[in-house]
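Please open the structure below in your viewer and keep the selection tool at hand. The tour goes from one selection to the next and says what is there.

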Amino acid sequence: MKTFEYTIKDELGIHARPAGMLAKTAKNYESEITITKGEKSVVCTKLMALMGLGVKCGDTVTVTVNGADEDAAEAGIKAFLEENL
Amino acid sequence: MKDKIFGVLQRVGRSFMLPIALLPVAGLLLGIGSSFTNPTTLETYGLTGIITEGGLLYTILDIMSKTGNAVFDNLALLFAMGVAIGMAKKEKEVAALSGAISYLIMNTAISALITAKGGVEAMAANTTTTTLGITTLQMGVFGGIIVGLGVAALHNRFYKIQLPQVLSFFGGTRFVPIVCSIVYLVVGVGMFYIWPVVQYGIAQLGQLVLESGYAGTWIYGIIERALIPFGLHHVFYMPFWQTELGGSLMIDGTLVQGAQNIFFAELASKTTEQFSVSATRFMSGKFPFMIFGLPAAAFAMYRTARPEKKKLVGGLLLSAALTSMLTGITEPLEFTFLFVAPIMYAVHCVLAGLSYMLMHIFNVGVGMTFSGGAIDLTLFGILQGNGKTNWIWIVIIGLVYAVVYYFVFYFMIKKFNYKTPGREADDEETKLYTRKDMEARKNAKTADGGFDRVSALILKGLGGAANISDIDCCATRLRITVKNSELVDDAPLKESGASGVIHKGNGIQVIYGPQVSVVKSHLEDFLDSGLADKIDELLDGNTQAAAAEQKTANKAESGTLYAHLTGKVVPLEQVEDEAFSAKVLGDGIAIEPTQGKLYAPCDGKVDMVFDTKHAVNLVSSTGCEILLHVGIDTVKLDGKFFEAHVSDGDNIKKGDLLISFDIDGIKNAGYKVTTPMIICNTDDYKSIKKTADGSISAGEKIIEIE
């Protein structure tokens with residue numbers, strides 16, 4: 001299992017569009033990827049839940065990756081976040 | 001188990017062929033060079049006038065001798081690398097590097113301990129040597145072989161290791177030299193304590209030989225041959241050649257000790273009438289089997305080779321036979337059958353021992369510089385005259401030996417079907433390949449019982465296996481040279497986990513981060529697995545299988561959704577936002593509204609109203625997850641022009657008003673009001689069909705989901 005933290009820099013936060021892209025990225029991996037904000041955790045591939053998390057600019061989220069390809073998944077998600085959020 | 005050991009021995013034997021192929025050349029250089037630069041030889045034959053030290057001819061011969069010797073001096077290193085290369089399954093160049101470094105480390109560890117103990121003087125005589133400038137224990141080729149085999153084992157175990165992210169730079173093949181270095185540091189320390197015990201035992205054997213006459217000579221011969229593979233023969237015979245163990249004799253008033261010293265003293269003396277057999281019994285026995293026996297064995301191997309392979313192995317066997325015959329360097333020949341047929345080597349040892357004993361019995365007094373080839377026989381036997389040496393017996397017994405060796409080898413190879421060079425039948429090779437193939441296939445499969453999806457995606461992105469001409473990697477990137485760069489497709493590469501793709505003509509760099517060497521190893525395995533031609537099938541099959549699985553797993557109920565606004569139906573593909581039109585968020589439909597009122601398309605529950613009130617998430621009573629998103633990019637309006645009539649967690653009925661908004665205000669602010677309705681859990685459904693076109697009123701049927 002791998003975990004890292006990321007602080008959202010995009011001023012609009014994880015709204016519909018980036019949530020969709022993030023969910024799509026997460027689907028590329030076998031590993032289960034969850035995002036936690038505060039006490040709420042959601043599975044990254046669940047678009048609705050992801051949007052429901054209501055992540056805003058400046059929020060720090062914890063990403064947890066667990067599964068067979070967790071190294072690749074971690075790197076992939078990290079790259080996505082840095083590029084888009 | 002027996003088959004497995006035999007299989008490993010076969011591979012070890014084959015892995016020896018690379019360094020062995022070098023030996024005949026080195027042997028000829030060394031044999032000719034050293035014979036004609038030996039001061040005793042030159043003096044004896046009055047060649048001092050022609051070949052003088054510092055002269056051109058001498059220098060050339062000296063170069064030959066020394067370069068040839070360089071190979072033999074470093075034979076252990078060649079084996080450490082050669083065996084590692086031969087036994088490594090993949091990434092052989094890494095195994096070679098690891099073999100070299102491990103050999104250096106093992107010997108340096110021993111060297112440090114020797115120094116700590118008080119230097120070479122503190123060790124037993126003839127047990128140390130200098131290799132590559134390192135003073136170490138005399139372990140001969142054996143030292144190299146244990147390094148080669150151990151390194152290959154470690155390499156095959158670790159070359160794909162994945163380390164934690166922080167250390168991942170040191171993962172994969174880079175881990176191999178590291179772990180080998182540490183292991184062989186320990187092995188070196190261990191050897192320092194173990195090897196002298198072995199050496200001591202061998203020295204004790206020498207004592208036994210001395211005390212048992214003809215039989216002793218026989219035993220001497222057997223042991224000397226049997227120790228060659230372990231490099232222990234020097235420990236064993238050197239005391240006989242160089243110390244009082246090999247006898248002491250007064251020659252021209254000087255006390256001479258050691259068999260070889262006695263022979264050369266007698267050679268130099270004008271008063272010698274016959275060479276002392278008591279001394280030469282430790283040498284002469286080499287001639288019959290080196291000049292006659294082993295070359296005949298080589299001929300037997302040639303005769304038993306498969307017809308189509310004869311030409312190929314003929315070269316190897318002929319040069320090895322000539323080397324043995326001329327210079328008395330037998331390793332090239334012996335190593336060709338030592339590992340594939342250890343029993344045959346045992347027979348060879350017995351016959352060799354017998355040769356020593358027969359020479360002893362027939363009073364043959366021919367010495368040698370370092371081995372028993374035709375050059376030494378000529379110089380120290382024939383040219384000395386039969387009266388002094390009885391050399392004729394070497395030829396007589398040698399001829400008998402040729403016949404015996406030929407038939408014994410021919411018979412044994414045929415009878416036991418030994419895989420001597422040229423007998424590894426083609427079907428055998430194929431079988432071997434298949435097994436390897438199977439292993440590779442196994443490796444290519446991942447834990448989920450499927451196949452290596454990442455590698456398959458990479459291959460797809462690179463335009464298939466046929467398009468790849470070279471694969472390499474640096475710290476973070478996979479570097480591939482492709483034949484046609486137009487076939488490269490970034491999408492599957494990105495899907496495989498790459499964070500970027502760089503094109504430079506036919507050079508493609510795919511960025512994966514520090515774990516790239518593992519990605520590379522997997523990719524290479526995948527290429528070897530034979531699955532590479534079927535990537536499309538595999539990927540499709542896998543996706544379908546995965547999709548099918550999901551469908552059965554979370555099959556959601558079918559249902560109908562009704563228009564969420566009054567206006568004009570817009571197919572999702574035509575929405576001017578890629579996130580929607582490419583269906584990144586899911587499938588669905590959009591409406592270009594004419595009224596600023598958003599209604600619930602079905603019964604259900606409000607999951608979340610966005611803070612900015614421009615969008616709302618609903619979950620229908622049948623489990624359909626719906627995103628209603630008013631306008632494009634309207635998140636930036638931060639709630640202006642929007643009013644929400646529901647809040648998170650509210651139960652709703654079809655047709656309930658959710659959000660009202662100011663169409664003109666939004667338009668004037670520069671945004672479109674096109675409002676998509678997205679099924680976020682599209683994957684849970686088999687089909688999402690739009691059932692309306694053109695103008696529509698809120699509440700009319702718009703989508704059928706199944």
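Select strand 7 and strand 8 (residues 507–511) of chain B, which pair in the antiparallel sense over 5 bridges; strands here are DSSP runs of E with at least two residues, helices are runs of H or I with at least four, both numbered from the N terminus, and two strands pair if DSSP finds at least two bridges between them. This is a predicted model, in which local features need pLDDT of at least 70 and side-chain atom pairs count only at pLDDT 80 or more, while totals for chains, interfaces and linings use all residues. Residues are numbered from 1 along each chain as its sequence is written, and chains are lettered from A and ligands numbered from 1 in the order in which they are written. Within this pair, B:His503 stands opposite B:Ile508 of strand 8 of chain B.

Widen the selection to the open sheet of 4 strands in chain B, whose order is 5-6-8-7 and whose pairing is antiparallel. Strand 5 (468–473) and strand 7 (500–504) of chain B are at the edges with a single partner strand each, so one side of each has no neighbour in the sheet. From one strand to the next the twist averages 20°, with angles running from 0 to 180 degrees between N-to-C directions of axes fitted to C-alpha atoms, for helices over the stretch in contact.

Next, add helix 23 (residues 516–528) of chain B, which packs on the sheet and touches strand 5 and strand 6 (477–482) of chain B; contact requires C-beta atoms, placed from the backbone, within 7 Å. The direction of helix 23 makes about 150° with that of strand 5 of chain B.

Definitions and conventions: Contact = placed C-beta atoms within 7 Å.
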